[in-house]
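Work through the exercises below with the sequence and the coordinates at hand. Each task is followed by a solution in steps.

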Amino acid sequence: MHGEYKVPGGKLVVVDLDVVGGALRNVRVAGDFFLEPDEAILAIDAALEGAPANTDTAGLTARIDAALPASTVMLGLTSEGVAVAVRRALAQATEWSDYDWQLIHEAPQSPALHMALDEVITAEVAAGHRPPTLRVWEWASPAVIIGSFQSLRNEVDPAGAERHGVTVVRRISGGGAMFVEPGNTITYSLSVPDALVSGLSFADSYAYLDDWVLEALGDMGIKAWYQPLNDIATDIGKIAGAAQKRIVGPGGGPGAVLHHVTMSYDIDADKMLDVLRIGKEKMSDKGTRSAKKRVDPLRRQTGLAREAVIDNMIDSFRRRHGLTQGTVTADELAAAEELVRIKFGTPEWTARVP
């Protein structure tokens with residue numbers, strides 16, 4: 001069995017192993033990390049040898065930590081990262097390079113249609129009808145997108161939304177409310193087979209699916225990092241928030257994961273505060289006194305036009321994982337438009353948590 005895991009902000013860990021009699025055997029850990037002293041790699045292999053194959057990530061991590069020499073120094077590597085690679089090997093997880101990735105980047109769409117397209121495209125990936133897909137959104141109008149479980153009245157000021165012509169829609173994933181405006185926001189979705197995140201916890205899957213964009217931002221001179229559970233941050237402030245939804249495949253078979261991210265290229269903070277009801281608890285949780293300081297625009301950090309940031313992100317993904325141009329099919333568009341009619345465009349769905 002073979003498993004790989006890119007440690008968030010670190011290096012690649014590769015594990016090869018067998019399972020004999022319910023235990024790990026012939027374990028070999030490798031990768032492009034740095035590790036001292038040299039014999040520490042043998043200690044890691046020995047710690048994993050003979051471990052029950054059903055040992056969870058925490059248990060495997062503890063075995064490794066207990067076996068490492070006191071003088072061990074890890075760079076680009078963690079004991080947990082090795083444990084995750086083992087779990088991915090046991091789960092027979094796939095890798096980014098196992099897929100032919102497709103890009104969808106089309107004309108602006110309404111907020112409700114974007115919500116529907118996320119559901120339809122991810123369901124198509126789950127059914128095996130389309131390849132894993134990176135979809136970059138273009139917004140036709142300003143919007144607030146609330147999480148699947150958020151209270152509409154607690155998150156949005158209806159008078160402020162009406163005053164600024166802001167549409168309110170509810171997505172299928174959890175998480176917090178996002179304020180978006182055409183030209184000021186960069187949003188993308190990844191619709192991927194669930195095999196890509198096999199062996200990862202929910203929390204680890206966020207970091208794993210965000211890693212490519214951290215590298216893309218690094219290519220543009222921005223040192224960014226994943227901030228649990230679902231933020232992307234820099235030392236100046238938060239720049240993005242992510243959310244996920246798992247979709248079961250046909251007949252309960254292998255499914256797919258929807259992972260979407262909204263990044264602030266620029267932001268009208270006064271307008272955002274007039275539309276969103278941002279509570280004191282949320283601000284204190286983020287360690288800031290002012291809601292205006294919670295999000296820092298990419299425009300200021302990159303000095304690049306929004307289109308250039310998007311092009312650089314797409315090019316970065318293409319270099320790392322391959323990417324061919326695709327499109328929303330006529331059938332997918334029709335299915336999404338029907339979902340807008342019966343679900344995403346209805347008051348019942350938008351206010352399902354009043």
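The exercises concern a predicted model, and they go from strands to helices, cores and voids.

**Exercise 1. Give the strand order of the open sheet of eight strands and name its edge strands.**

Step 1. The order of the open sheet is β12-β13-β14-β15-β11-β7-β6-β16. Its pairing is mixed.

Step 2. An edge strand pairs on one side only, and this holds for β12 (225–227) and β16 (324–325).

Step 3. Inside the order, β15 stands beside β11. Strand β11 (residues 185–193) and strand β15 (residues 256–264) are antiparallel and share nine bridges. To check the register, take Thr185: its bridge partner in β15 is Ser264.

**Exercise 2. Describe how β2 and β3 are connected and paired.**

Step 1. Strand β2 covers residues 12–20 and strand β3 covers residues 23–31. Two residues lie between them, and the two strands form a hairpin.

Step 2. The pairing is antiparallel, over seven bridges. One pair of bridge partners is Asp18 and Arg25, the latter in β3.

Step 3. In the turn, Gly21 has a positive phi of about 60°.

**Exercise 3. Find the buried residues of helix α1 and the elements against which they pack.**

Step 1. Helix α1 spans residues 40–48, and its buried residues are Ala40, Ala43, Ile44, Asp45, Ala47 and Leu48.

Step 2. These buried residues pack against the strands β3, β4 (34–36) and β5 (73–75), and against α2 (57–67) and α3.

Step 3. Just after α1 comes Gly50, with a positive phi of about 85°.

**Exercise 4. Decide whether Ser316 and Arg306 are buried or exposed, and list their contacts.**

Step 1. Ser316 lies in helix α11 (residues 306–321). Arg306 is in helix α11 as well.

Step 2. The cut-off for buried is under 20% relative accessible area. Ser316 has 0% and is therefore buried. Arg306 has 6% relative accessibility, so Arg306 counts as buried too.

Step 3. Leaving out residues up to four places away in sequence, Ser316 touches Trp212, Glu215, Ala216 and Asp219. With the same exclusion, the contacts of Arg306 are Trp137, Glu138, Gly183, Asn184, Thr185, Ile186 and Tyr265.

**Exercise 5. Identify the largest nonpolar core and the residues with the most contacts inside it.**

Step 1. The largest nonpolar core holds 67 residues. Tyr188, Leu190, Trp212, Met263 and Met313 have the most contacts within this core.

Step 2. Helix α7 provides the largest share of this core, nine residues.

Step 3. A second core of 25 residues is separate and includes Ala112, Met115, Ile121 and Val169.

Step 4. Return to Tyr188. Beyond four places in sequence, the contacts of Tyr188 include Trp212, Met263 and Met313. Others among them are Leu134, Arg135, Val136 and Trp137.

**Exercise 6. Characterise the second largest pocket and place Trp96 in relation to it.**

Step 1. The volume of the second largest pocket is about 290 Å³. Its lining has 13 residues, and those closest to the centre are Lys6, Leu12, Trp96, Asp211 and His321.

Step 2. At least two lining residues come from each of β1 (2–6), α7 (202–219) and α11. The largest share, four residues, is from α7.

Step 3. By class, the lining has five nonpolar, two polar and six charged residues.

Step 4. Trp96 sits in the loop between α3 (79–90) and β6 (102–105). Its relative accessibility is 9%, so Trp96 counts as buried. The contacts of Trp96 beyond four places in sequence include Tyr208, Trp212, Phe317 and His321.

**Exercise 7. State how many cavities of 30 Å³ or more the structure has, and describe the lining of the largest cavity.**

Step 1. A search of the whole structure finds three such cavities. The largest cavity has a volume of about 60 Å³.

Step 2. Among the residues lining the largest cavity are Ile104, Glu106, His114, Leu117, Arg135, Trp137 and Val328. Both α4 (111–126) and β7 (133–136) supply at least two residues of this lining.

Step 3. The lining of the largest cavity divides into six nonpolar, two polar and three charged residues.

Note on methods
Residues are numbered from 1 along each chain as its sequence is written. This is a predicted model: local features need pLDDT of at least 70, side-chain atom pairs count only at pLDDT 80 or more; totals for chains, interfaces and linings use all residues. Side-chain values use heavy atoms; hydrogens and water are left out. Buried means under 20% relative accessible area, exposed over 50%, partly exposed in between (1.4 Å probe, protein chains only). Contact means heavy atoms within 4.5 Å. On a 1 Å grid over the protein atoms alone, a cavity is a set of points where a 1.4 Å probe fits but cannot get out, and a pocket is an open set with protein on both sides within 12 Å along at least five of seven lines; lining residues have an atom within 4 Å of a point. Grid points are joined across faces, edges and corners, and a volume is the space filled by probe spheres set on the points. Ala, Val, Leu, Ile, Met, Phe, Trp, Tyr, Cys and Pro count as nonpolar, Asp, Glu, Lys and Arg as charged, and the others, Gly among them, as polar. A nonpolar core is a set of buried Ala, Val, Leu, Ile, Met, Phe, Trp, Tyr and Cys residues joined through side-chain atoms within 4.5 Å. Two strands pair if DSSP finds at least two bridges between them.
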